Structure formats: C-alpha cells, structure tokens
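Work through the exercises below with the sequence and the 3D structure at hand. Each task is followed by a solution in steps.

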Amino acid sequence: MIPVAWRLATRELRGGLRGFYILLICLTLGVAAIAAVGTVRSAIEHGLEREAAAMLGGDAKMEFAYRFATGEERGWMDRHAAVVSEIVDFRSMVATGAGDARRTGLVQVKGIDDAYPLIGAVTLAGGGTLRDALATRDGLPGMVAQGLLLDRLGLRPGDVVTLGTQRFRIADRIVTEPDGAGAGFTLGPRVIVRRADLAGSGLLGEGSLFDSEYRLRLAPGTDLDQLRDAARAAFADAGLQWRDRRDATPSLRRFVDRLGSFLVLMGLAGLAVGGVGVGAAVRGHLDGKKETIATLRTLGAESNTVLLVYLIQIGLVATLGIALGLALGAGLPLAAAPLIESRLPMPAAFGLYARPLVEAAVYGGLTALIFTLWPLARARDIRAAELFREIETRRRWPAPVFLAAILALVALLIALAVRLSGDTRLALTTVGGLVFALALLLAAALGLRLAARRAARSRLSGGRPALRWALAALGGPSGETAAVVLSLGLGLAVLAGIGQIDYNMRHLVAAELPDRAPAFFFVDIQDDQLARFVSAAESEPGVERVETAPMLRGVITRINGVPAREAVGHGHWALSGDRGVTYAAAPPPGTTITQGEWWPADYAGEPRMSFAEEEAGELGLRLGDKVTLNVLGRDLTATITSLRRVDFRSMGINFLMILNPAALAGAPHGNIATVYAGPEAEAPLLRAVTADAPNITAISVREAMDQASDALRSISAATRWGAGATLLTGIIVLIGAAASGQRARVYESAVLRTLGATRARVLASFALRSALAGLAAGVVAVIAGLGAGWWVTARVMEADYVFAPGSALFVVAGGALASLVAGLVFALRPLRARPARVLRARE
Amino acid sequence: MSSPVIALEDVTLTLMGNAGPVNILRDISLRVEPGETLGLVGPSGSGKSSLLMLMAGLEAASSGRITVLGQELTALGEDALARFRRGNVGVVFQSFHLIPTMTAIENVATPLELAGARDAFGRARAELDAVGLGARRDHYPAQLSGGEQQRVALARAAVTRPRILFADEPTGNLDGATGEAIMRLLFELRDRHGATLVLVTHAPDLARRCDRVLGLRDGALETYAEAAE
C-alpha cells in the first residue's frame, strides 16, 4: 500500500506547492522562532560554560560575608591551590567636588590584589594595563571605573574622587571585566582599586558590610568534588560559601534557562496559531481534492490508501517547512551573532546546537500532525458516491481512533514541553494558558457567529444592506469568523497581557512606591555616627521620617543542628548567602506577632529569635526550632520564640530574623537607616548626611527601582518579540484565510452586483465583516490579557491591579486594522471581476 | 440458464435531503446476464444514474439485495467495495473525472497500481494506444479536449480488463461527432474484452445499440423494452 500511496502522493506534488504555501509559512515561522530562541539559549549556556572559570575569577571561589579569611583559613587555601587571589567587594559612595558642588555616586567597589585577575584580563579604554592604571602617582592611588559612573559625575581620567576617606585618581574607563557577568545584579557601576589602597578609606572596619572572595587557581587534574568536601569539612560553621567552575553562575544560568524556556513556550503559542493555519490550509486543500479522492475510491483505493496519500503529501511539505524553519532559526542567530553578543550582558558561544533544533523540529512535527489529522481523517471518509452527489454523507467527526490519536499527540506535546522546558510549573501554566486562550477564542468565535446571525436578522441592520451582508457572512457557515478570531486572537492576547503587566509594573514603580517607600537606604552608619546622622537627616526640610536599626549579616548554617540545606531540602532564598540580621529589645513599631512572645526588654539568657512568619512556613520552621547563624565567622544558635508578619514589599527596614540584644552584644556592626522624603528633598539630604561621613553609603530607592524595572523591561521586550512572532504567524494565517475565501467572495460580489449592488457597497460590506471579526479578536484578546495582567499584578506582585486603557485600545484597534487590511487586499479581485464571466464560469 | 452477473432484488434507495427523506429508487428488481449490454433510459432525476452507481458498488442501497459477480454488495463496507471494484468493474462518467494532477498515462495506470499489478505503465500505454491516444499519454487532463479526456477515461475503465463496464452518460458532455466516436470505442472495448456493459443514456439511438433497454421514471422501472436488434 505504501509504494502506491507514495507514487500517488508525489505525482500530485509535482505540480508545485500551490495550496500549501500557508502551511509551509506557518510551520517555517513557528519552527524558526523556537529554533532561534533555543539556539540563543544554547549559545548563552555554552558561553557561560566556556567562560565559567573567567566569570568565577578562578577554578573555585571561597566567599565570606563581612570578614576576611583568618590566617589559618588562608593557609588552607595556599596549601590546596596553585595561586590564590583575594578580592573584597562592597557597595560604597564615590564623591567629587565640595560644598554645593559635591556630587556622589553609588558604586560597587572591587578591591584587588596583585594576582587579580587569575583568568582573562581587564581591558581599559586607554589601552593600558590594570596594574599601571592602579599604580599610585603623585601620592594618589589609581581607580578605574565603568563609563556610567564617569558620565554620571562628569569625571575624566585625572580627576580626583574620594571613596570613604581615601582620595583616588580616576585612571581609566573599564571596557570589559572578565568576572563582570558573574557578579550578578549590582546597584551601582563597578570601580576597581587596589585592596591595599583601601586601608586608609575607613570602609573595611569591623561592622562594615563587605564580602571577601578567595579565587583559587588549581593544579590541573584537581578533583573538584574532593576539594569542595575538604573545604566544607575544614571550614564547617565558618560561614564559607563555595563555588567552582562547574556551576559558576547558578542564578544567571537559572535565569537564562527560565527565560529561554518561557520564550520557547511562547514559540509554542506561535506554533499553535500556525497550527490553526495549517489545519485550515489542509482542510482547504483536501476540500479541493474531494473529486480526486472520490475518483480514487471509484478506482478501488481503500480509505487507508487515501489517508496515506495525503499524509505523505502533507508530511513532505511539513518536512520542508520544518527544514526551512530550522535553517532560519539556526541561521539568523548565527548571522546576527556579533550584534546579539554586543547587547548581551553575558558571554555567548554561537554555533550550531543539535538540541534546540531537534526540540523545534519535534514541536513542529507534532503540531503539524495534531492539526492535520482531523481533516485527513475526514478525507479518509470520502466516498466514491460524492463524485456525483453533493449530499454530504460523511460523519461530522473523524473516527474515534483518530480522535484518540489527536488527544494522545496533544498529551505527548504537553509532556515534551514539560520535559524539555525543565520547569513543570512554568510549562503547565503556559500550556494551560494557551489551551484556555484557544478555548476562549473558539467560544468567542462561536458566540460572535451566533450574535452576528441574530443581528443580521434584527432591526439593527434594517435599511443597511452592507451591514446586513457583513453580519450574515460573519454568522454564516464559511468558518471565516473562527479563522480570523483564532489566528489573530492568540498573538493579540499575549500582547495585551504583556501590555497590562508592563503598565502595572510601571505604575507600581512610579505611582505606588513613593507613597510608602523611603527615598534612601543608608548603610554602614557606625554607632558613633548614628545620633549625628539622625539629627542631620531630621533637620533637613522635606524629610518626613527617619528609621534606624542595627545591622549585621549572617548565614543560616544549621536548623536544629542539621546543615540548613539538608534540613530544608530545597534552595530557599533565605539560605542562599548571607541575610541581614538585627537585634531589638522591643518589637519594632508596626510589628505584628502572630505566634509566640517577644522577649522581655532586659532578657539576657540563651539567644532568642523572632522569625518572619511567611518565610518560616516556607522553611518549615516552628516555635522552639533552633537556628544557627554564622555571624563574622562565629556560630550563634538561637531558639525561635516568636513569628512576625513582615511585609517585605513595604521597602522599609525589614529583617528576616531579629535577635535579642544580648545575643549579639559585642559583635561589631553598623547601622542601617531609611529616610522618608519627597523627591525634591533627596539631593540636599544626600549632601547633608554624607558630607561629614564619607563611609556611609546611600542607596536611592528610586534609582534602584528604576534599575530593577529596566531589567524587567528587557524581559518584557524579549517577551514582546515572542508575542510579535506569534502575531506575525497569526497575520499569515489571517492572510491565508482571506485568500482561501477569495473565490467565494468573487462569486458573492458577482451575484450582489447582478442584483444591483454598487461596488462601493460591496466593498463596504467586505470591509465591515473583516473589521468586525478583527475587532472581536481584539476584544477577546484584551479580556484574556486583562486576566493575565490581573493575575500577575494581584497574585505575583501582590499589588492593586490597574487597567491599562492605552494598551487595550492598541490591541483592539490593531486587531480590527490587521483584519481589515487583509480583507481589503483580497477584496480587490472580487470587485474587479465582471459578474457575467464569474457566473457563466460557475455554470 | 447461466447465473446473472448482476442481480437486484427489491432494491430501494432513500437519501436524506434538506426537506426530509427522498426516495430515489423504489423496489427495483432486475438481472443482467454475462456479456449483455443493458441500456438505462429515462428523464432527468428518474434515478438511472443512481441505479448504475448501486450496481457498481459506488452507492449503498437502503434496502434490498444486490449481487454482482456472485458477491453480495449490500454486505460489503466501503473498503471491501473498493477492493471488489478493482479488476471487476470499470466506470466511465459523463464528467470524465480524470485526476487533474496526473498525466493521461498515470490516470490509466492508477487502477492497476492500486490492484498491485505488475507493469502497470506498459499496460496503460497499450490501452492508450488502443483508444488512439498513444501520442498524448504525457498530457495532463487540462491539455486534452473533452473527447480526448473521455477516451482516457475509457482506457482507464478498461485497462484492468473488468468483467463489467458501467458508463454513465459517457457522451453527455461531448458534441455529436465526438460522442459517436466515443460510443464506437466503448462498444469496441466491450467486444474486445467480452465484458458486460451497463449504459445510462438520454440518447435513444445509443440505447438502441444495447441488447436490452430499461426505462426508469420516478425511481421505478417503467418499461421493459428489448433492443431493436
């Protein structure tokens, strides 16, 4: 049976791909989008892997919060590594000028030793070496900085700035920093100085907030697992954080993975829209083949031979579409590699990667099968009798075995999406959202059809023939309404969703934050500076409130005596790195104790702790549990005696853990302060409180939030590109639907004009039906987008949802316009054709 | 008396139309003997094409019994009927029904290929030569005249050497001279292969060439006329 079917199938294909173009374009686009996203993701993953050691700054890294390694610890490192480089990393303020001309900028300082960098090199705009740039000249040590800082403060090489109490000479502008991408999210631009030159800055005293990093270059062949275990054993309970080149940038990698997965799933949305087009194209093609199929049946072809003939044909075209998609999806990122690399904040190794291409091909193949099986199964049922009889004798639904096959393929696609995305929840949510959106659009299409049918017969369209014809066409059996609503709707729904989420994010930053968030966080305020700081801040006009708290940092190492990661069993943010800790004799104002009791004001017994309620629940902590914190290299075990409700979104001073004062007595520490002030008071306030205390670091909440929302905006831009691809596929499907309806419109136009309709009136009717269908797609998309926007704003960001009218209007108008343009383009031929010729040809 | 190649007993055909069930054929009983040529005549809508399609196994009867070449068709499903048609039955339509994407020779070879015959193309070539279209074998239907298309359809119907040929108004779409040529060819083919021929026609002179002529009106057999010969 197969050789015959193959011969018959290929014979028909010799005539070219007419009738298959929409199928080809839809599959090509869908597969290309997924392959391109996957290729970029693989490029980044390989780049991260290739540059892992450089980004880590060595083969392995040992990190301590708030302190340097002891002599003993450093001795251990020197014994196990070929070379050790010590880096100190912290936030501070760079200041320039004096008096009213004094300007400050928040920076991320890296203090280096002579061994830095162990891998790669820092490149400077001036072309010189880092060692030369940082050398002391005319009594001033050198500093190199990222361009952003120099531009912000108007600095040029040779200018003098102060960092803490130490003056530095700006030596050059940093172009690349080998370990830059590994640093993660930083609030200020990077500056590099020699660690030795920080000795006089007053920034690294006891109680200051800094991280020390020890990068190890290891002898070739060193067993990383063994060394890690040895380090953990040697530095048990010393607050050590270990990382090696095998997983140098886990959070960055996770982020790339998740965004990549999300975009691939967005690509699946595009493929689903394409699938609608594929299904429509195949249905149209097979409808045109009805006579051929019935003839084959007359000549003795069995139903399965017919099925096989067209399955082979569609399979061949689909394979071509998938191959073109793969070529495009792999080729475009390669061609644009230099451009993409220059815009990525992380390394990427562009090349041909099999995995994303296989993934895209499998998705493409499955989608093509899912959407073509239905019309194929119906074609299989065509009987010889249909050659001479118009009566449709076939069943409306395909045979149960095909329905089961379609469902099984859908299940396989979902299972693959879950498996390949590596994130079950993300995959299921996205696929669920897609299925829901498709179902909603289908329901809307049916609803619109019914409403249009009813409206066509109502008084509404009385005396308005163009409107009545348009409504009748929308309510008719042609399937045009469903094609437009489905093809445009999904892409528009994603765009509408992004529009609503984006607007709410901006609204949150611009409108809501200032009402409750402080203007500044000040860190590193020493005890002896605190009183002066508070009075200076409070005496500034426009300052509403100043809150302060002692601030230490600690790493949760054990829970009830068991290493924390083992006790909890998953990576909770509270366990990743060090967290702020404070102490208080009485509950801070506004605190709500939900369980247990606060300690007496003069309590001095065994350490006690109050833990944030929500996070305690997530970590499985209860009253009476013992939490061991490593503060400054020393372990401190406290019993949880109360749980508090903490609203981290308030942006005020919030701590996960509060201890009784005696527990931290003697531990050197600084203080943190939040100052609430209007935007106009920010600049004078900054000058007033930092002029006399250069060690104090100010973090502008507004700038930090702007930076965070910039990062979010990049993500939403990437998502928008994904939605754009979906929309483009939708428009192709729309064009396909309009093109396939052209023949019917030619006939309709001929009949209407024979009956006396002017061309203008016929055109108006065609335009109205296109615009109405597009409008409906837009409205449904906005409803779906509104749901998504509300869900993300209210449930994920836990903020009040605000409707974004601009984006909604854009989506609705865009839908109507796209459909209108597609409809009008294909209305030209019907209007040009002479009625007599059309009608005679039909006889 | 030899056993008939076609036997119909109390056959009815009722189809569902938009306005309800439509009786196409009512209580038809008839026999067709081996090698016989039977003409079916009657006005438009009388059911003669439907009767032919029932006998060819292209349509399923609503009730009654149809036996063709000893095989009871009413008991067969669509695919079994398709298999039965291969080699047993050849059909020629008024509208030719050639597959537009296949050349003449491919159209003729298709039933042989479906039957799994060897040298399908050699036999198809010979059959096209027999209908005088050897030179046009690589032409597509759209490149052939109506008469030529019908000759291809004749070759396609005859190529499997069927024991019964069904022809549904084979000259209905052709001019007089071409129609005459086609009919001559049809009878030649029948004579050469010794097949039984069932012919639906409007034309009385065509009907007269048949051994026997049956008339239909409103779905029932009306007259039982013997051929002039």
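**Exercise 1.** Which residues does A:Leu448 touch, not counting residues up to four places away in sequence?

Solution. The model is predicted: local features need pLDDT of at least 70, side-chain atom pairs count only at pLDDT 80 or more, and totals for chains, interfaces and linings use all residues. Residues are numbered from 1 along each chain as its sequence is written, chains are lettered from A and ligands numbered from 1 in the order in which they are written, and side-chain values use heavy atoms, with hydrogens and water left out.

Step 1. Locate A:Leu448 in helix H14 (residues 424-457) of chain A. Helices are DSSP runs of H or I with at least four residues, strands are runs of E with at least two, and both are numbered from the N terminus.

Step 2. Apply the contact rule, heavy atoms within 4.5 Å. A:Leu448 then touches A:Thr481, A:Val485, A:Ala773 and A:Ala776.

Step 3. Take one of these partners, A:Thr481. A:Leu448 and A:Thr481 lie 33 residues apart in sequence, with 7.7 Å between their C-alpha atoms.

**Exercise 2.** Describe helix H1 of chain A and state what covers its buried residues.

Solution. Step 1. H1 (residues 2-13) has 12 residues. From first C-alpha to last it reaches 16 Å, close to the 16 Å expected at 1.5 Å a residue; the expected span is 1.5 Å times one less than the number of residues.

Step 2. List the buried residues (under 20% relative accessible area; exposed is over 50%, partly exposed in between; 1.4 Å probe, protein chains only). In H1 of chain A they are A:Val4, A:Ala5, A:Leu8, A:Ala9, A:Arg11, A:Glu12 and A:Leu13.

Step 3. The cover includes helices H9 (290-298) and H10 (303-335) of chain A, together with helices H3 (104-114) and H4 (120-130) of chain B.

**Exercise 3.** How many salt bridges are counted between chain A and chain B?

Solution. Step 1. Begin with the interface: 26 residues of chain A are in contact with 29 residues of chain B. The two chains bury about 2,700 Å² between them, 54% of it on carbon and sulfur atoms; buried area is the accessible area (1.4 Å probe) that two parts lose on being put together, summed over both.

Step 2. Count salt bridges, each a side-chain nitrogen of Lys or Arg within 4 Å of a carboxyl oxygen of Asp or Glu. There are 8 between chain A and chain B, and the structure holds 40 over all chains.

Step 3. Look at examples. A:Arg11 pairs with B:Glu113 at 2.9 Å, N to O. B:Glu106 pairs with A:Arg14, the closest N and O atoms being 2.5 Å apart. This second pair crosses from helix H3 of chain B to the loop between H1 and helix H2 (21-50) of chain A. B:Glu106 counts as buried because its relative accessibility is 9%, whereas A:Arg14, at 42%, counts as partly exposed.

**Exercise 4.** Which residues are linked with A:Glu177 in a network of salt bridges?

Solution. Step 1. The side chains of A:Glu177 and A:Arg190 meet in a salt bridge of 2.9 Å, N to O. A:Glu177 lies in the loop between strands S7 (166-176) and S8 (190-194) of chain A and A:Arg190 in S8, so the pair ties together parts 13 residues apart in sequence.

Step 2. Both ends are buried: A:Glu177 has 14% relative accessibility and A:Arg190 has 5%.

Step 3. The network joins A:Glu177 with A:Lys61, A:Glu63, A:Asp89, A:Lys110, A:Asp179, A:Arg190, A:Glu213 and A:Arg215.
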